[in-house]
Amino acid sequence: MKIPALRSSPILFVHSIYSHLYSGLALPLWLGASLLLAVCGARAADEPDIEITGGTKALRENIRLHLSLVEESCKTPLWRLNSLLSDSDAEVTAASRALGFYELEYDAKLVRNKDCWGLNIQLTPGDPVLVTELRIEILGEGSQDAIFKPLYDKPGIKVGNRLNHGRYETLKARFSSLASLHGYFDAEFVQSQVSVNVAEKSAVIALVYDTGKRYRIGDINLKHGILDEDFLRRYYNFKSGDYYDTDDLLELKNLYNASNYFTVASVAPDLQALNDHEVPINIELEERKRRAYSVGAGVEADEPRILLGFEDRYLNRRGHRFNADLAVSDIKKTAQATYTIPMRRPAYEFLRFYTGYLEEETVTSLSEKYTYGSSYSYYQDNKWLQTYALDYIQEESTIGRMLPQRTNLIIPSLSFLRTQTDGSPYPLSGWSALGRISGSPESIGSDFSFAQFYGRAKYVKGFSFGRLLLRAELGITETDNVDQLPASVRFFAGGDSSVRGYEYKSLGPTRNIYGPDFVGPLEDPRAAEEVIGGNNLLVTSIEYDYRFEDSNWVAALFYDQGNAADDTHIDVKRGAGVGVRWISPIGPIRIDVAKALDDEKSWMWHISMGPDL
């Protein structure tokens, strides 16, 4: 290899001081400018200039990564640079063969100036070696196991591809990873070979893997301190004698962590105690503090609210728990106490007893409600949360200028809820759906009868240019007399989670406050109409947002429409606007400014927070 003589390049300094400048000012300016030039020059020379040309981008980058010469500083002496350059031939050859270039030629030139040194490499890669045969074979008990099927279907290497040793090693690692994850702890390669014919520029890859016998779960050792062992074992999703699968262990760990009983849950195989094709499982649970108090703030119905909470996480060794929560804002005040009993499958099945108080004052109604009830919930197929509930409600409400109304209702209900998301505070895909059927038969002691359906759906889809969010609400109520419905059962629209541009619960059917027989003059007929809510509801929304690159800030455009009604004819109200979101750890905090498109209203601010789904 020929290394040219090191060359130097002069540095040009430009210095000009105007004689008419005040001398006391000129000197500091000159010194500052000189210092700036010196710093910039030093920074420009901090690193050597490595230039590699020819071949593919991947080849150039791989050679750069393999060269130990590039780690040297500008102060490295010439003799060491020449020595490293002489040793670089093996590094260049290894880097090129790793990507299938077995006949690469190159020319390297080392240069130096007063500031640093540089290296120029010109590549002539030649034709690459191509994969002409790929043989994958699974032996042993795992030969019929579907977990290895992706190795056949999508190995990551195809016949006709350029040979890439990195992909070959990745494929080999997948064999071992799948085997260890699913209990084939004795698995090994019978053959793992790449045969290269440089003359024919061809390569044959052979991977023959013997899985041996699959291990089963042996003893399950549980270490804990606060709850009954029988109760904790009800979380198990596997038992002794089942085939080992890491996914099952990870699922159990997540169930324990989500239970809120423990700060740390460890579920791991004891690989040092493998015996007779069985693997023991060690479970260690570190309890959380029993009682917790919380203070927080939030936003609901465009109003800030204060949140207070108390939680007793384990009242007894059977995992019973108690929660009490209080939320206060100008519009709404709520308090609720809940006693929860885990059932046969504690992570998926529970019974609750609760009592609550709600006071809500909107522009259209005033309601004070007491609730006493119980519910049984379970995850159907571990996906849909299905809840059966029975509530006794005492409510006093005033709607518009109507007289206060007291109602006593016994309301059984059935609801289904599911959320599917990618788990991010800013999800790029996912959906949620809620459906609830409820009613109040007069035959079981209610003041009157009604039946009601309420449904809500949300959908999020991300694209390279932004994100689309769709939302819909539907409510249908069947009753003989709409006027008997209390405020909490009637449907209203408007607000940050409904039709933006309108106040919270300010939309719905109206009535004339002067009655049907009034014939006197009115300066503004609209002033005689007040919103009283309806028995039906339909609201839809479409929103587009864009997250700025490397930022937690999002800009949004949206369009909402809908209303409540007493029949199938809905007086649709529309709102549109723009907003910004900050992606916090608990989800987006949204600030929207919206305009009502069907009424002469000024622009309205809406503030909300919480997850998108």
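In this predicted model, the largest nonpolar core holds 25 residues, and among them Y256 and I283 touch the most other members. Several elements each give two or more residues to this core: the strands β7 (216-223), β8 (262-269) and β9 (278-287), together with the helices α6 (229-233) and α7 (246-258). The surroundings of I283 can be followed residue by residue. With its neighbours within four places in sequence left aside, I283 is in contact with I220, N221, L222 and K223, with Y236, with L252 and Y256, and with S266 and V267. A second core, separate from this one, comprises 23 residues, including I50, L69, V92 and W117.

From the nonpolar cores the account turns to charged side chains. The structure holds 28 salt bridges. One of them joins R500 and D592, whose side chains meet with N and O 3.1 Å apart. R500 belongs to the loop between β20 (466-479) and β21 (510-512), whereas D592 is part of strand β26 (residues 587-596), so this pair ties together parts that are 92 residues apart in sequence. Both partners, R500 and D592, are buried.

A further salt bridge links R581 with E543, and here the closest N and O atoms are 3.0 Å apart. Because R581 lies in strand β25 (residues 573-584) and E543 in strand β23 (residues 536-547), the pair ties together parts that are 38 residues apart in sequence. R581 and E543 are both buried. These two pairs also belong to a wider arrangement: a network of salt bridges links R471, R500, E543, D560, R581 and D592. Elsewhere along the chain, E311 and R313 form a salt bridge in which the closest N and O atoms are 3.7 Å apart. Both of these residues are buried as well.

The empty spaces of the model come next. Rolling a probe the size of a water molecule over the atoms shows where empty space is left. The second largest pocket contains about 800 Å³ of space. Its lining is made up of 28 residues, of which S506, T510, E529, V531 and D599 are the closest to the centre of the pocket. Strands β22 (529-531) and β24 (553-565) each supply at least two residues of this lining. By class, the lining of the second largest pocket consists of 13 charged, 8 nonpolar and 7 polar residues.

Enclosed space can be treated in a similar way. The count comes to 1 cavity of 30 Å³ or more. The volume of the largest cavity is about 50 Å³. Its lining is formed by V131, I157, N161, R162, L163, N164, R167 and I205. These lining residues divide into 4 nonpolar, 2 polar and 2 charged.

Three individual residues complete the picture. T132 is found in strand β4 (residues 130-139). Since buried means under 20% relative accessible area and exposed means over 50%, T132 counts as partly exposed, because its relative accessible area is 45%. Apart from residues up to four places away in sequence, T132 touches V159, S202, A203 and V204. Between T132 and A327 there are 69 Å in space from C-alpha to C-alpha, and the two are 195 residues apart in sequence.

H182 occupies a place in the loop between α5 (165-181) and β5 (188-197). This residue counts as buried because its relative accessibility is 9%. Beyond its neighbours within four places in sequence, H182 is in contact with I147, R214, Y244 and D245. The C-alpha atoms of H182 and Y357 are separated by 51 Å, and these residues stand 175 residues apart along the chain.

S329, finally, is placed in the loop between β12 (321-328) and β13 (332-342). With a relative accessible area of 5%, S329 is buried. Not counting residues up to four places away in sequence, S329 touches E303, P304 and R305.

Methods. Residues numbered from 1 in each chain as written. Predicted model: local features only at pLDDT ≥ 70, side-chain atom pairs only at ≥ 80, totals over all residues. Heavy atoms only, no water. 1 Å grid on protein atoms, 1.4 Å probe; cavity = no way out; pocket = protein on both sides within 12 Å on 5 of 7 lines; lining within 4 Å. Points joined across faces, edges and corners; volume = space filled by probe spheres on them. Nonpolar A, V, L, I, M, F, W, Y, C, P; charged D, E, K, R; others polar. Salt bridge = Lys/Arg side-chain N within 4 Å of Asp/Glu carboxyl O. Buried < 20%, exposed > 50% of the residue type's maximum accessible area, 1.4 Å probe, protein only. Helix = DSSP H or I, 4+ residues; strand = E, 2+ residues; numbered from the N terminus. Contact = heavy atoms within 4.5 Å. Core = buried A, V, L, I, M, F, W, Y, C linked by side-chain atoms within 4.5 Å.
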